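Thank you all for coming; I would like to walk through one structure with you this morning, going region by region. Please have the sequence and the model open while I talk.

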Amino acid sequence: MASFKPTKVQFLPKLGEKVTEDTLYWKNYKSPVQIKEFGAVTKIDFSPLAPHNYAVTASTRIHVYGLHSQEPIRSFTRFRDTAYGGSFRGDGKLLVAGSEEGLIRLFDICGRVALRQFTGHSKAVHVTSFLSDGFRVVSGSDDLTCRVWDVPSAVELSSITEHTDYIRALAPSKLNPDLFVTGSYDHTVKVFDMRSGSSVMTMQHGHPVECVLLYPSEALLVSTGGRYVKIWDLLKGGQELVSLKNHHKTVTCACLSSVGNKLLTGSLDRHVKVYNSSYKVVHNFDCDASILSMAVAPDDEVVAVGMTNGVLSVRHRKHKKDKETLTSRRRRGPSYRVFVKGKNFVPRQDDFLVSKPVKQYLRKYDKQLKSFEVSKALDTALQMWTRTSKPEVTVAVIIELNRRGTLKNALAGRNEESLTKILNFLLKHIFDPRFSRPLLTVGDIVLDLYRQVLHQSPVVERQLQRLMEVLGREAELQQELLQVLGILDTLFASLTPRKEVAALAALPVDQGPQLQAA
Amino acid sequence: MNEVLSGMNVNLSYPAITTERVNRFVLCTSGDSVKVYSTRTEEWLHSLQGHTNQVTGIALNPANHLQVYSCSADGTVKLWDFIDGILIKTFIIGYPLFAIYVSEKHEGIVFLHIAMDTDSKKEGFQLVAVHLPKSAEQEVEAKELSAVSSHISPNPSCTAFGREGQYIAFARNLQLNVYFFRKQKTYSFSLKATDKKGAKNAFTCIACHPTDDCIATGHEDGKIRLWRNFIHKKEYTYSTQHWHHNAVNTLCFTPEGTNLLSGGIESVLVQWQYGTGNRKEFLPRLGGSILHVSASSDGQLFCTSHSDNKITVIESSFKVCGVIQGLVKGDAVLTDLMIDPRSKALVLNGKPGHLQFYSLLRDKHLYNLDIVQQEYIYEAGLDQFEVVKAAFDIKGYWLATVEERGQKSADLEFFLKLWSYDERTQSFVLNTTITAAHTDRIISMCFSSSEETTMLVTIAEDGQFKAWCQGVDADTKQDQNFWSCDFVGSYHNLKPTNCSFSADSSLLAVSFQEVITIWSPDTWELLTTLCQPPGVIRDLCFGRLSCSKYLISTTTRNLLCCWNLLTCALEWSTSVEVSKLQSDPLSENVAAFSYQSKHTDLFVFKPNEPRPLFTHKNVCSEKIHRAVFVPREEPLNNCDESSQWLNRSQLYFLTQNMDLLTFSTATEEDRMLSSSTRLVIDDSVAVTPFYLLLGKHRQQQQKLNTPSHQAADRPQQPQGSVTITELLHTPAHVLPPASVLCSMFVSSLLISNTGVLQDPLRKEMESSEQEMNSEKEEEDSEGEMEACDSQQELRVQGSVDEVTPKLSKAQERELKRVRKTDFSWMAGLIASKP
C-alpha cells in the first residue's frame with residue numbers, strides 16, 4: 001500500500017538574468033540610506049585617506065560625511081552661489097571647489113573659512129581638481145577656458161582656450177603631474193600637457209561630454225556624453241576601443257570600482273549600470289530620480305549616488321559579520337542540540353535496530369486533497385500568504401484539481417468575497433507565461449459557472465472588465481510579437497546563402513533514380 | 001523449439017485462501033492452470049496443470065479441506081489435492097463452464113454456469129446443478145445435469161449460496177432471484193430501472209450472510225443493499241448503504257458474519273460492520289481496482305485480487321501482510337519493451353504512471369519506478385498522466401521517460417524526464433524535468449550508444465528533432481549536471497517518423513516521412529539522404545558488428561529495405577509487411593514480425609543477405625508491436641541450425657492480448673523442467689513454521705540482491721532439510737541440551753565453501769565413534785574435542801550473543817553420555833553438507 005503522494009509544485013526558472021559571480025558581488029549591498037540635501041547633488045568625492053570620508057557638493061554647500069554617518073561631520077557653507085565640483089587633494093587634507101560666480105575656493109579639511117580664493121574665471125566653474133603633485137589646481141569653466149593655479153601663491157599659472165563650448169568634465173592624471181583630460185560640450189575630449197601648454201590629443205566623442213575618467217593604468221580613457229559611453233585607448237593615440245549604449249538617457253557620470261576596476265555609469269534614466277571587464281552589463285541599480293553624480297569608496301565598501309531631487313543615496317556593502325549578529329539576535333527558539341538530539345546516534349555493531357515508520361507530513365491543501373475536499377483545498381491554496389508570495393503553489397493546486405477533473409466543483413458555489421480573491425489572482429498572474437495555461441481554464445470555468453449571476457455584484461463585474469482589458473492588451477502584444485517574428489523570419493531567410501539550400505534540395509532528387517536502378 | 005509463455009502472463013482471478021494447520025495457501029486461476037502461493041512467503045509454490053483451456057473458477061471442496069474443484073472452459077471439472085499438486089479426478093461435463101459454486105449441504109453436487117446450448121455468443125447463461133458420480137476412475141463423465149435457472153448474469157460474482165446452503169441467490173440486471181432448495185421455488189425481487197437521479201441500479205455482485213438470512217448486493221452506482229425477510233415474497237425489506245462512487249465489484253462476508261467487505265474501482269477495501277449501520281473501516285491505495293475479495297475459512301486472512309495482476313493478503317486487523325505481484329498489466333503497454341542494462345530486467349509500463357522492472361530470469365516482479373509522482377485517482381474516465389516513452393542509455397546510467405496526459409482532448413500536456421542511476425540507493429533518481437521539450441507530441445527517442453558522451457535525441461510531431469546533452473553551459477562556463485538542448489534539426493518541415501543511432505554513435509538516422517536523413521552527431525551536419533518511395537518509413541535500425549555498414553528500414557507500403565551506407569545505395573529490398581523490426585544488440589541478427597492475413601510470421605535475418613536465417617510461420621494470431629532481445633547470462637552452445645540465432649540472446653515479444661511470449665530451445669526447457677521440480681520438492685517438505693521463517697528471510701535477501709547481483713540469483717536451498725525436520729519432530733525431552741545443539745545447528749546452516757570449517761565436525765564425529773569403540777583413546781580425542789569446541793564457540797560468538805560457558809569435568813562426561821545415546825540422525829546432518 002503506497003502512501004499519499006503530495007501535490008508536485010513545479011518551479012519553473014525565470015527567464016533572463018543569469019547568476020554570475022559579478023551579479024552576486026554587486027547584489028551584496030544593503031538597501032540604500034537616503035540623505036536629503038538642499039539641492040541637486042552635482043559631485044561626490046571620496047577622500048583617499050583612511051576613514052574615507054566623502055565630500056558631497058549640493059546647492060551652496062559642501063558636506064563631508066563619514067562612511068557610516070548620516071549626519072555631515074563637516075560642512076562648508078561660505079558660498080554665495082551654487083558650489084560645484086568639490087574634490088580632495090591626494091593627501092585628503094585640502095578641498096577645492098568651484099562655484100557659479102566663477103570663484104574657486106580652497107579649504108583646509110579642518111577649517112571653515114577658505115584658505116585661498118582663485119579669481120579669474122568670468123563664468124561658472126563646474127569642475128575643479130588638484131594635479132597629482134598637490135601644489136597646483138586645475139579648473140574648467142563655462143568661459144571656455146581651462147586654467148591652472150598655483151596653490152601657495154594663489155596665482156594663475158596658465159590659461160588654455162582650446163574648447164569651443166562649456167567645459168564640464170575634467171580628470172587629472174595621477175601618474176604625471178603635468179597631464180590632465182578635459183571634456184566639453186563641443187563634443188571633444190582633449191588631453192593637455194602643462195609642459196607644452198596645449199592639448200596633445202583630441203578625441204571626438206560625438207555628443208556633449210558630461211564626464212571623463214582615466215583608468216588607473218592611464219592607458220584607457222572613459223568619456224560619457226549623450227547616451228553613449230566610449231572607451232578610448234590612449235596608447236594607440238586615442239583610438240576608440242568600445243562604444244556602449246546601455247542607457248536610454250544622457251549618461252552623466254562614470255566611476256571605477258576599486259576591486260577589479262569595473263566600470264559603473266549613472267544616467268538621467270535613473271539607473272546605475274555595472275559592466276564587467278568585457279563591457280557587458282552585469283548588474284543594475286535602480287534609483288528614484290535622475291542621477292547626476294556617483295562615487296565608489298575604496299574596497300567598494302560604499303556606493304554613493306547623488307540625484308537631481310537632492311537625495312543622496314548611500315549603499316553599504318553587506319558583510320558576513322552583520323548577518324551573524326542579526327541571526328544571533330533573532331534566534332529565540334530551541335537550540336540546535338534539541339533538534340539533533342538522538343539523530344546523530346550511530347548504532348554499534350551488535351545493536352538491534354528497531355526502525356520506526358516515518359510519518360508523512362502533508363501540507364494543509366494536500367490533506368484536504370487526500371480527503372477529496374476540493375473546495376477547501378482551493379481555499380487553502382488561495383490564502384493571502386500563499387497567493388502573494390508563492391503563486392506557483394496556488395497554481396500547482398489548480399493544476400492538480402484540473403487533473404482530478406474536479407476544478408469545476410471546487411470553483412462552484414462561491415460568494416462574492418471568495419470569487420474576488422480568485423479574480424484578483426487571475427488579474428495578477430494570467431499573463432505570466434508560467435501560469436497562463438491553467439489560469440485561462442480557471443477563467444473559462446468561472447465565466448461558465450457564474451454567467452447568470454455576474455450582474456448582481458458590481459465588484460465582480462468591474463474585475464471582469466479589467467480582466468477583459470488585460471487579456472485584450474496581452475492578445476495585441478502577442479499579435480505584434482508574431483508580426484515581428486514574421487519580419488525576422490523573412491530577414492533570416494533572405495540572409496542565408498542560397499547555394500546551400502539548393503544543394504540540399506538537389507540531393508534526394510539526384511539519388512532517387514539511382515536508387516530505383518539499384 | 002517451441003513457444004513458451006513467459007511471465008505470470010495471467011489474470012490472477014478468483015483467489016481462494018485455504019487454511020491448513022498453520023500454513024495457508026492462496027489459490028488462483030491463471031490461464032489454463034491454477035497457481036498455488038504461500039501467503040506467508042508470498043512465493044509461488046506450484047501450479048495445478050491439466051486443463052486445456054482457460055480455468056474459469058475454483059472452489060474449495062467443503063467435504064475435504066485439502067481438495068479443490070476447478071472448472072474450465074474446456075468443459076471439465078477437476079478435483080485436485082492442492083498441497084501436493086495431484087489431480088484426483090476429472091469430471092467431464094461437455095459444455096464450456098464459466099463458474100463453479102459448492103455448498104457444504106449439497107455434497108457431491110456442484111453448481112456450474114454454462115452457456116446456453118443454442119447461442120453461446122449471446123448473454124445466455126444457465127445455472128445448473130451437476131451430480132458428481134462416485135466412482136474410482138480417474139475420468140468420469142457427469143451427465144446428471146439439472147437446470148436451476150436459465151437466463152442468469154454472465155458475471156460469476158452475481159451468484160452466491162445462502163445460509164447453510166438453504167438457498168442460492170443470483171441476480172441479473174435489475175432482478176434478484178432466490179431459489180429455495182426445500183421449497184423448490186424461486187422468488188424474484190426487482191428494482192426500478194432508475195432512481196430519481198438516473199443512477200444505474202443494476203446488480204453487480206452478491207454475497208450471502210453465513211448465519212443470518214441476509215443478502216448483500218452491490219450495484220452499478222456504488223450502492224450496497226442489504227436484503228432481509230425475503231423468505232416471504234411480499235414482505236421483503238432492504239436497507240441501502242452508499243460509499244463507493246463507482247460500481248461495487250465484489251462483496252464478501254467474513255466467515256462469522258461480523259463484517260462485510262466490499263471493493264471496487266477505487267482500490268479501497270471497505271469493511272462494513274454488520275448490524276451497526278454505517279460503521280466502516282478503509283484500506284486505501286491497494287493497487288489496481290479490486291476485482292475479487294475472499295476470506296479464509298477461519299476469518300484470519302482476507303485477500304483481494306486486483307486488475308493489475310496482483311493479489312494482496314490482508315490480516316483481519318486490516319493490515320497488508322503480503323503482496324503477490326505478477327507482471328503488472330495496465331490497459332496497454334505504451335512504451336517499448338526494454339532491457340535495463342544493469343539488472344537485465346525487462347522494463348515496461350507497470351502500474352499507472354510507473355515503469356515496472358521484471359526479472360525474466362527468475363520470472364519475478366522486481367519493483368515499480370514511480371515516473372509521474374502524482375497521486376493516482378481511481379476513477380473511470382479520468383484522463384491522467386501515463387508513461388508513453390522510455391529509453392535507457394547503453395550503460396544503464398540514464399533513463400529518459402516521456403509522460404503524457406490529454407491524449408483524447410485538445411490540450412496535450414507532456415513532460416520529458418531524465419533519471420540517473422544512484423549507486424547508493426540502487427534506484428533511479430530524477431535529474432531533469434523538461435516541461436516543453438517540443439511543441440507537439442514526442443514520437444520517439446533514443447540514446448546515443450557511445451561510451452564517452454551520452455546524448456538523447458527526441459523526435460516530435462512538430463517536425464523537429466532535438467538533441468539533448470548533459471554538460472557545460474555556453475554562457476556561464478559552469479559544469480551543470482542537468483540536461484539541456486544541444487541541437488534542433490528539421491528537414492523541409494516534414495514530420496519525422498523514427499530515429500536511430502548507429503552502433504558506434506557516429507551516425508544518426510532520422511526518417512522524415514519517405515526520406516531517411518543521415519546526420520553526424522559531432523558536427524550536426526546533414527551527411528546524406530536516402531529515399532525509396534512510396535511509403536512512409538516506419539522502423540529504422542542499423543546493423544551491428546560485421547553488418548554495421550547496413551541500415552534497415554521498413555515502410556508502410558510493405559517494403560523492407562536494406563541500405564549500404566558506404567555506397568549510399570540500396571543493397572536489397574523485399575516486399576513484406578513488417579509490423580516490428582528489432583535488432584539483436586549482441587549479434588548481427590535482426591528479427592522482423594510480419595502481419596499478413598490475420599496471423600503473424602517471424603523472420604530472422606542478417607542484413608548482409610536477403611535470405612532469412614530462420615522463419616516461423618503463424619507465431620500468433622495478433623499483430624505484434626513490441627519485441628526485445630534479452631541478452632543471455634552465458635551464451636548457449638547450440639549447434640542446431642535453426643536455433644543458433646538464440647545463442648546470444650533471447651527474443652521476447654508482446655501480443656495485443658498482453659501475453660508475453662518467447663522462443664526457447666530444447667536444452668533450456670530441460671533445465672526449466674528440472675528446476676521447477678526441484679522447487680516443488682523443497683517447498684513441499686518445508687511446511688514447518690521454521691521453514692516459513694527461513695522462507696521469509698530468504699525472500700528479503702533476494703529483494704536486496706535483485707538489482708545488483710545477478711550471480712546470487714537462484715535462492716540458496718536450505719540444506720539438510722531432512723535433518724531439520726527430524727530435529728523439529730523429535731520430542732523435546734529426548735533431545736540433548738539446546739546449548740549443545742545450537743552450535744551444530746547454526747554451523748549446519750552456514751554455507752561453507754571451504755573444507756576447513758567442516759573438518760572439526762568430521763573429526764568430532766570420528767572421535768565420538770572411536771570413543772564408542774575404545775575407551776583408551778579417550779584422552780587424545782578429548783583434547784581434540786576441546787579444540788573443536790572452542791572453535792565452535794568462536795563461531796557461535798559471531799552469531800549468538802550468549803557465550804557458552806566452559807564445561808566442568810562432570811558436565812563433560814554427561815555430555816559424552818548424551819552423545820552416545822542418539823547420533824544416527826545426526827549423520828544425515830553431516831552427510832548432507834556438501
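When I speak of a contact, I mean heavy atoms within 4.5 Å. Please also keep in mind that what you see is a predicted model.

Let me begin with one residue in chain B, B:Phe170, which lies in strand S16, residues 167-172. What is B:Phe170 in contact with, once we leave aside its neighbours within four places in sequence? The list comprises B:Leu127, B:Val148, B:Ser149, B:Ile152, B:Cys158, B:Thr159, B:Gln175, B:Leu176, B:Asn177, B:Tyr179 and B:Ile206. B:Phe170 counts as buried because its relative accessibility is 2%, where buried means under 20%. As a measure of spacing, B:Phe170 and B:Ser153 are 17 residues apart in sequence, while their C-alpha atoms are 7.9 Å apart in space.

Staying with chain B, I turn to strand S4, residues 33-38, where six of the six residues are buried, so that the strand is mostly covered. In a regular strand the side chains alternate between the two faces of the sheet. Here B:Ser33, B:Lys35 and B:Tyr37 point one way from S4(B), whereas B:Val34, B:Val36 and B:Ser38 point the other way, and all are buried. The partner of S4(B) is strand S5 of chain B, residues 44-49, which runs antiparallel to it and is joined to it by five bridges. Within that pairing, B:Val36 stands opposite B:His46 in S5(B). Five residues lie between the strands of this hairpin, and B:Glu42 takes a positive phi near 60°.

Now the cysteines. A disulfide is a covalent bond between the sulfur atoms of two cysteines. How many disulfides does a search of the whole structure find? The search returns zero over all chains. B:Cys446, for example, is in no disulfide, and the nearest cysteine sulfur, belonging to B:Cys499, is 3.5 Å away, whereas a disulfide would need the two sulfur atoms within 2.5 Å. B:Cys446 counts as buried because its relative accessibility is 12%, and B:Cys71 counts as buried at 0%.

Let me move to chain A, which has 12 helices and 28 strands. Of its 518 residues, 45% count as buried, and the accessible surface of chain A comes to about 28,600 Å², with 55% of that belonging to carbon and sulfur atoms. If we take the contacts in chain A between residues at least 6 apart in sequence, 45% of them join residues at least 24 apart.

The largest nonpolar core has 37 residues, and those that touch the most other members are A:Leu401, A:Leu411, A:Leu423, A:Val442 and A:Val446. Several helices of chain A each supply at least two residues of this core, among them H7 (391-403), H9 (416-429), H10 (436-450) and H11 (458-495). If you centre your view on A:Leu423 and set aside residues up to four places away in sequence, you will find that A:Leu423 touches A:Val446, A:Val460, A:Gln463, A:Leu464 and A:Leu467. There is also a second, separate core of 19 residues, which includes B:Phe487, B:Tyr491, B:Trp524 and B:Leu526.

Finally, the charged pairs, of which a search of the whole structure finds 31 salt bridges over all chains. In one of them A:Asp91 pairs with A:Arg89, with the closest N and O atoms 2.9 Å apart; A:Asp91 is partly exposed at 25% relative accessible area, whereas A:Arg89 is buried at 17%. In another, A:Arg147 pairs with A:Glu156 at 3.0 Å between the closest N and O atoms; here A:Arg147 counts as buried at 13%, and A:Glu156 is partly exposed at 34%.

Where do the two residues of the pair A:Arg414 and A:Asp379 sit? A:Arg414 is in the loop between H8 and H9 of chain A and A:Asp379 is in helix H5 of chain A, 35 residues apart, so the pair links distant parts of the chain. The closest N and O atoms of this salt bridge are 2.6 Å apart. A:Arg414 is buried, with a relative accessible area of 12%, while A:Asp379 is partly exposed at 35%. Elsewhere, salt bridges that share partners join A:Asp133, A:Arg136, A:Asp178, A:Asp193 and A:Arg195 into one network.

Key:
Residues are numbered from 1 along each chain as its sequence is written. Chains are lettered from A and ligands numbered from 1 in the order in which they are written. This is a predicted model: local features need pLDDT of at least 70, side-chain atom pairs count only at pLDDT 80 or more; totals for chains, interfaces and linings use all residues. Side-chain values use heavy atoms; hydrogens and water are left out. A nonpolar core is a set of buried Ala, Val, Leu, Ile, Met, Phe, Trp, Tyr and Cys residues joined through side-chain atoms within 4.5 Å. Buried means under 20% relative accessible area, exposed over 50%, partly exposed in between (1.4 Å probe, protein chains only). Helices (H or I, at least four residues) and strands (E, at least two) are DSSP runs, numbered from the N terminus. Two strands pair if DSSP finds at least two bridges between them. Accessible areas come from the Shrake-Rupley method with a 1.4 Å probe; for residues, only the protein chains shown count as cover. A salt bridge is a side-chain nitrogen of Lys or Arg within 4 Å of a carboxyl oxygen of Asp or Glu.
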